[in-house]
Amino acid sequence: MTRITWTTEWDTGLDVIDQQHRRIVDYINQLHDARTSGHEKEEIRKVIDGLVDYTLSHFAFEENLQEEAHYPMLSAHKKVHELFVKRVNDFRERCDKGENISEELNVMLVTWLKHHIQRDDMDYVKSVKDNLHIDSFVERKKGFFSRLFG
């Protein structure tokens, strides 16, 4: 397992989304660091909990953005998010049972992040840019999604 660095090929062109995705990269790197901390199980659990909380907020923000932009594939995109949350929760349960899931979780997260951004997220960018004033949307949502903007 190695640390990852954000690459411009993951940029969606929507700065607020790119900033949120970069925070997910931070969680992936925290998972890597947890393996060498000497308190691996506790640290991995903290990373999983933070990742779940953050991605749920990110997904809600993204879905709200898509809804307001009238993105036609919103329902399918929500299903992808639901499957991801289920997979991470499965990892959480396995971790709680004492399984060493760090390597497998890292591979899943890195693979999912790359594919989800480059395929699923890039698909809704045009709808957002064509149908929504993004700065106004972000300003309206800052209070509700404050942990995404910190």
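This section describes helix packing, the nonpolar core and selected residues in a predicted model.

Two packed helices are described by the angle between their axes and the distance between the axes. In the model, helix H1, formed by residues 15-34, packs with helix H4, formed by residues 102-131; their axes come within 10 Å and cross at roughly 170°. H1 and H4 are therefore roughly antiparallel to each other, since angles over 145 degrees count as such. On the H1 side, the contact is made by Ile17, His21, Ile24, Val25, Ile28 and Leu31, which meet Ser102, Leu105, Asn106, Leu109, Val110, Leu113, Ile117, Asp121 and Tyr124 of H4. By class, the residues of this contact between H1 and H4 comprise 11 nonpolar, three polar and one charged.

A second helix pair is formed by H2 and H3, whose axes likewise come within 10 Å and cross at roughly 170°. This crossing angle makes H2 roughly antiparallel to H3. The contact of H2 with H3 contains 11 nonpolar residues, together with five polar and nine charged residues.

In soluble globular proteins, nonpolar side chains tend to be buried together. The largest nonpolar core of the model has 44 residues, and those with the most contacts inside this core are Ile48, Leu65, Leu105, Met108, Leu109 and Leu113. At least two residues of the core are supplied by each of H1, H2 (40-68), H3 (74-96), H4 and H5 (134-141). The greatest contribution comes from H4, with 10 residues. Leu105, one of the core residues with the most contacts, also takes part in the contact of H4 with H1. When neighbours within four places in sequence are left aside, Leu105 is in contact with Leu31, Ile48 and Phe91.

A charged residue, Asp120, is also found in H4. Its relative accessible area is 15%, and Asp120 is therefore buried, the limit for this class being under 20%. The side chain of Asp120 is joined to that of His116 by a polar contact of 3.0 Å. Beyond neighbours within four places in sequence, Asp120 is in contact with Tyr71, His77, Val80 and His115.

The loop between H2 and H3 was examined through three of its residues, beginning with Ala69. At 0% relative accessibility, Ala69 counts as buried. With residues up to four places away in sequence not counted, Ala69 touches Ser127, Val128, Asn131 and Leu132. One of these partners, Asn131, is 62 residues from Ala69 in sequence, yet the C-alpha atoms of the two residues are 5.1 Å apart in space.

His70 is found in the loop between H2 and H3 as well. In contrast to the buried Ala69, His70 is exposed, with a relative accessible area of 63%. The backbone of His70 has a phi near 60°, a positive value in a residue other than glycine.

The third residue considered in the loop between H2 and H3 is Met73. Met73 is partly exposed, because its relative accessible area is 43% and the partly exposed class lies between 20% and 50%. Met73 and Ser136 are 63 residues apart in sequence, and their C-alpha atoms are 23 Å apart in space.

Notes
Residues numbered from 1 in each chain as written. Predicted model: local features only at pLDDT ≥ 70, side-chain atom pairs only at ≥ 80, totals over all residues. Heavy atoms only, no water. Axes fitted to C-alpha atoms, helices over the stretch in contact; angles between N-to-C directions. Helix = DSSP H or I, 4+ residues; strand = E, 2+ residues; numbered from the N terminus. Parallel < 35°, antiparallel > 145°, perpendicular 65-115°, else oblique. Contact = heavy atoms within 4.5 Å. Core = buried A, V, L, I, M, F, W, Y, C linked by side-chain atoms within 4.5 Å. Buried < 20%, exposed > 50% of the residue type's maximum accessible area, 1.4 Å probe, protein only. Polar contact = N/O pair within 3.5 Å; in protein donor to acceptor, adjacent residues only side chain to side chain.
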